[in-house]
Protein chains: 2
Amino acid sequence: MATMKDVADKAGVSLSTVSYVLSGTRSISEPTRALILKAMDDLDFHPNAVARALASKRTRVVALLLSPQERGMGLSELEFVKGASEAAKALDHHLVLLTEGMDSEADLAYLKRQGLVDGVILMEVHLHDPRVPLLQKLGLPFSLLGRPDPALNLPFADIDFDRTIQSVLELLTDSGHRRISFVNQSREVLDAGYGPVVRAQEAYDHWGSLLGVETSTIYSHPTPRGGWAACQAIFEGSAPPSALVVMNDRALPGVLQALAARGLRVPEDVSVVSAVTSSAAAEMMVPALTSADAPSQELAWRAVTNLVKTIENPGVVLEQTLIPCKLTPRSSTSRVDRKSH
Amino acid sequence: MATMKDVADKAGVSLSTVSYVLSGTRSISEPTRALILKAMDDLDFHPNAVARALASKRTRVVALLLSPQERGMGLSELEFVKGASEAAKALDHHLVLLTEGMDSEADLAYLKRQGLVDGVILMEVHLHDPRVPLLQKLGLPFSLLGRPDPALNLPFADIDFDRTIQSVLELLTDSGHRRISFVNQSREVLDAGYGPVVRAQEAYDHWGSLLGVETSTIYSHPTPRGGWAACQAIFEGSAPPSALVVMNDRALPGVLQALAARGLRVPEDVSVVSAVTSSAAAEMMVPALTSADAPSQELAWRAVTNLVKTIENPGVVLEQTLIPCKLTPRSSTSRVDRKSH
DNA sequence: CTGTTAGCGCATTCAG
DNA sequence: CTGAATGCGCTAACAG
């Protein structure tokens, strides 16, 4: 475990000179630089991250605050986590995972004073997320996956729900569908102001009316059972829809099951689109679902990049990124059957 | 950002005394301890993790080496990651996620010299995992999720595949099934010596013959398409099975689809058990599958605990934990229909 | 029971 | 262009 001192001795130069060839903070003559590089190589030297962190006051560690909720963790979250870890590595940082109880002021303040992380990434951001003002007050750099309602001057990366829902509805209306129901997440989550649920709902209402769709929304708990109940409720009415847009991964199996129980075939009788899922989840359904897949990897990349930029240059103009989900047609959608409607 | 020196000054004691009340390494008189605690409280002091790490040569950070393969990451891995993060927190550690390229000697050596982590947890351990001797050589503490073949003196936490498969087969044979096929993961993975695939196969062969089962194994790529092909192959034969054991989450949808395409109902015509999945995945299928769920959370807990113990006491007797999957009957299994067999 | 002191390994200011 | 010296905040001998 060679240290900089060892390198300096071996190269016959001062310790600081070694430090400078590492940081590139000042110019070094080519001969001495070569000498030092060789010494480093010979000794198999690598700077100690902890010592460097202590001296420079930068750990190059960022934290990902995992969703406190049980609900949140699905395949697309997993993709996000992996993506964030990779992005962090690419930017020469480490990613630590922080679970549970990281939302109170005390927790966040503690995190800051521990000094182990340079900044944090928030998941599951709500419209009025209390963590945002907290972090601002603490002066702990952060970036958001999702965004609060007025997102003035905040660095975030989020799904463009408006365009996502637009493209889904257009796909369906282009295929002749006119009665399209929306299976959103639960009422509680909506009332709690969870961004995706609120924004997707707004987008559905907006584009639905613009495209002349007969809309109807049903809120479902994120369980197969919830999806089953939701689906039953939808088809109880006198004017059943010819298509379903579902933004509720966990409820999806129940929805499909209820459809089958009613003798409704997908896509012959009813088209189904899964919005804001992972493609892996959509492909796991039978039939494979047409879906608007969350761009988790890219969002992760943006979130990490944003954070690192904020850390390195606190005065930087903050980047706000909106990415729509990519619509992938699979086997769960078809043109509406004229005869039956 | 108060430091220990501030606390010492405010309490009118020496810096080291403050340090000792923190570490509890030596006895302090009650009055001075109280004085110091009060000072810490007043100044809202919290020890700086980086400085502490530098001085003590322990960062209290452990790394989770994510599966290099694309394959590995499913819902149960996610549960494992979450569990590990929680366990780490409970043991006053942080968990960093390391992705990609952490298997070569250079990578691991670099990780060690960086000095940021005290130890690592390996996932996706193979029977002859090259990382194990590497880590031993480097002297970097580690613990395993899974285990190499002779696992002498290695700390690991793994699924008890033998008992898991036994319970699955017994469930089926108790219900009258005699012809039971096994859908394992791909041949490539088996040949690569991936622990779960090898051990599950051995267990299936062993218990199958012991229980008088007509066995047949088919290897499937971890995709719906692979599962479809596997299922077709299985039912091509003259003596189709009455039950399927599937240890291949990603192939499962394809298997079910192929069954349906052949007009075979689950569980009336064929019983299906998903082995070593997450319950979330089993519940996402239609019908919800009887499954042997991987005890991801508990394994994570053990793996982290093992690692921390190893770090704190290099000479400790290493713990080896085997936990069977918990069998949860759902709607995909039934007694064999006597008439049709 | 408590204080003094020497590092941990590196970044960086101040000299030269 | 390079060296010497100081300190980041804390731990852990060493000395009372």
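**Packing of helix α6 and the relation of the two chains**

In this predicted model, the buried residues of α6 in chain A pack against elements of both chains. Within chain A, the partners are β1 (61–65), β2 (94–98), β3 (119–122) and α7 (131–138). From chain B, α4 (49–56) and β2 (94–98) take part.

Helix α6 of chain A covers residues 105–114. Its buried residues are A:L108, A:A109, A:L111, A:R113 and A:Q114. A:G115 follows the helix. The phi angle of A:G115 is positive, near 70°.

The two chains were then compared. Two copies of a chain are related by a rotation about an axis and a shift along it. Here, a turn of 180° and a shift of 0.0 Å along the axis lay chain B on chain A, with an RMSD of 0.1 Å. This is the relation of a two-fold axis. Among the residues of chain B, B:V96 comes closest to the rotation axis. The C-alpha atom of B:V96 lies at 2.0 Å from that axis. Of the interface residues of chain B, 100% are also interface residues in chain A, so the copies meet through the same surface.

Chain B also contains B:D92, placed in the loop between α5 (75–90) and β2. B:D92 has a relative accessibility of 46%. Partly exposed residues fall between the 20% and 50% cut-offs, so B:D92 counts as partly exposed. B:S175 is 83 residues from B:D92 along the chain. The C-alpha atoms of these two residues are separated by 48 Å.

How values were computed:
Residues numbered from 1 in each chain as written. Chains lettered and ligands numbered in written order. Predicted model: local features only at pLDDT ≥ 70, side-chain atom pairs only at ≥ 80, totals over all residues. Heavy atoms only, no water. Buried < 20%, exposed > 50% of the residue type's maximum accessible area, 1.4 Å probe, protein only. Helix = DSSP H or I, 4+ residues; strand = E, 2+ residues; numbered from the N terminus. Contact = heavy atoms within 4.5 Å. Least-squares fit on C-alpha atoms with pLDDT ≥ 70 in both.
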